[in-house]
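Q: Could we go through this structure together, feature by feature, with the criterion behind each term stated as it comes up?

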Amino acid sequence: MRVLPAGARASILCAVLAAGACTAPAFADPRTPWPAVGLLVLLYAGCELVKVCPFVGSRVPEGIGSFFPVLLAAVYLLPPSAAALVALPGGFAQAVDQRPARVRRVWHAAQQALAAWAAGQAYGLLGGPGAPAGSGSGPPGRTADFPYVLLPAAAGAVVFCLVLTALDAGILALAERRPARTAWRAPVARSLAPHCVHGLAGLMMALMWRSPYGIPAALLVLLPMYISCWVFAQYHREHAAHRATIRALVQAVDLKDRYTRGHSERVGQASAMIARELGMGEDRLEVVRIAGILHDVGKLGVPTRLLRKDGPLTPEERRIIELHPEYGHEMVRGIGFLGEARAAILHHHERVDGSGYPYGLTGEQIPELARVVAVADAFDAMTSTRSYSRARPVPTALAELERCAGAQFDPAMVHALVDAVGRHGWHPVVTADEDVPAALPAQGGRPAEGTRPAGPAQADPAASAPPPAAPAPSDPAPVGMRPRAGGGRGPGDADRGGGP
């Protein structure tokens, strides 16, 4: 079970206490419409607990999300404290995928209660119909007219979204030490439009509730709500299919080259750490993670005997292996969802000084994601045991990357990785089959000297291979990643930039 930091536990406790303070007035207010509250509580909690689709006879798709239109309808129909009360059972009933499950459910319930209360306040201050008397002012005699209710309803939906995302950003910043700016910005941009749509659906339900057709007509609005959520869940299914495609490609590479098993996942993890440190948005962060995972997919086009060769490579063999970025790019050219990841796969062996391959690009000519993946690839290659060299300690690998910054690697990407490892440590998610994942705790700004990943996870012989031309004695490639004649690494290699 994951242990939450003290700051995160304190934030959850404060949210729970604040939610209690927001809901308490509903019990003392004689205007609280308890029949409506009870019905909406059952409706919202039932929507969260539903497991079987009654319309098509199949399970609700994974990722169908919360039925926020029901909760927003409560915001438009009830006083703010009563709307917050509606959120509690449904929020606690939501499914969670990670531990501690009970703490996460309590957090969801408190978070949604606070958001519903704040949305109700905004709705009432702008004169929304059904708001408590004196809570706001609208056009005299016109607050119940449909055009005038759009403004307070939209304001309530926006406030609901902002409070939810602000609370999420705060808990992520405390629990996972994410930068507050990135934890807040991406969810707001991604969630604002869906919450406005949910607000419109909730307003339709509220208007039907107060119409001459009454509650039965309002309940019929749940049908288009469910259909919209089902369509959104299909979008998540498509993403799951994308992940399955990526996983199949990686497994094919791992089966062909047993020495690099786990290398792809670790490069994807390190690439995401760099991207997050650079402040990339969540969508682009996912693209760079995929690029890191698939960067070596072109090895499927390389003869297996070369990938599994324990000794040094001949110049001709090295030239064959150096074709794998182009092979990989051709393999994924038709996979539209990869986007920028295709360019990263093609150019992740370019060097900022122009001595890389396949095209010898320099500096800013190299795509940004390719510069990220290049650093992540080199870092994992140095910290993994290979057929011709032992794993280097993480601090030594970071120092080698810093030494090569500006020649082989983009300095900004190197510094981002150093800062990310210093803050979060390096916890490789996958090594070899027989390995136990290593964990490097963050201590101050730098990892502890002498710590290294456990186990003999292998990396491919071309992970940071030099360009076809023979390197000069001052070649800036990380020397811990180069095979010497005879397949080993000399004791002085760490102090010089010699060639193979």
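**Reading helix α4 and beyond**

A: Helix α4 is mostly covered, since eleven of its 14 residues are buried, where buried means under 20% relative accessible area, exposed over 50%, and partly exposed in between, with a 1.4 Å probe and protein chains only. The model is a predicted one, in which local features need pLDDT of at least 70 and side-chain atom pairs count only at pLDDT 80 or more, while totals for chains, interfaces and linings use all residues. Residues are numbered from 1 along each chain as its sequence is written, and side-chain values use heavy atoms, with hydrogens and water left out.

Q: Which residues of α4 are buried, and what do they pack against?

A: Helices here are DSSP runs of H or I with at least four residues, strands are runs of E with at least two, and both are numbered from the N terminus. The buried residues of α4 are P80, S81, A82, A83, A84, L85, V86, A87, G90, G91 and A93. They pack against α1, α2 (34-49), α3 (68-77) and α5 (101-125), a contact being heavy atoms within 4.5 Å.

Q: How should I read the length of a helix, for instance that of α1?

A: The expected span is 1.5 Å times one less than the number of residues. For the 23 residues of helix α1 (residues 6-28) this gives 33 Å, and the end C-alpha atoms are 34 Å apart, which agrees. Helix α4 (residues 80-93) reaches 21 Å from its first C-alpha to its last, close to the 20 Å expected.

Q: Which residues of α1 are buried?

A: An α-helix has 3.6 residues a turn, so residues three or four places apart point the same way. In α1 the buried residues are A8, I12, A15, A19, C22, T23 and A26.

Q: How many helices and strands does the chain have, and what share of its residues is buried?

A: The chain has 18 helices and zero strands, and 50% of its 500 residues count as buried. Among the contacts with a separation of 6 or more, 69% are between residues 24 or more positions apart. The chain exposes about 21800 Å², of which carbon and sulfur atoms supply 62%; accessible areas come from the Shrake-Rupley method with a 1.4 Å probe, and for residues only the protein chains shown count as cover.

Q: How do I read a salt bridge, and how many does a search of the whole structure find?

A: Side chains of opposite charge can pair when their charged atoms come close. The criterion is a side-chain nitrogen of Lys or Arg within 4 Å of a carboxyl oxygen of Asp or Glu, and a search of the whole structure finds 13 such pairs. One of them joins D410 and R371, at 2.6 Å from N to O. This pair links distant parts of the chain, with D410 in the loop between α17 (394-404) and α18 (411-424) and R371 in helix α16 (residues 368-382), 39 residues apart. D410 is buried because its relative accessible area is 12%, and R371 also counts as buried, at 9%.

Q: Are the partners R305 and E317 buried or exposed?

A: R305 is exposed, with a relative accessible area of 58%, whereas E317 is buried, at 13%. Their side chains meet in a salt bridge of 4.0 Å, N to O. R305 lies in helix α12 (residues 304-307) and E317 in helix α13 (residues 315-321), twelve residues apart.

Q: What does R284 touch, leaving aside residues up to four places away in sequence?

A: R284 touches E340, E368 and L369, and a network of salt bridges links R284, E340 and E368. R284 lies in helix α11 (residues 282-294) and is partly exposed, with a relative accessible area of 28%. Its side chain makes a polar contact of 2.9 Å with the side chain of E368. A polar contact is a pair of N or O atoms within 3.5 Å; within protein, one must be able to donate a hydrogen and the other to accept it, and residues adjacent in sequence count only if both atoms are side-chain atoms. The C-alpha atoms of R284 and L369, 85 residues apart along the chain, are separated by 9.3 Å.

Q: Where is the cis peptide bond that ends at P358?

A: The bond runs from Y357 to P358, with omega near 15°, and P358 is found in the loop between α15 (341-347) and α16.
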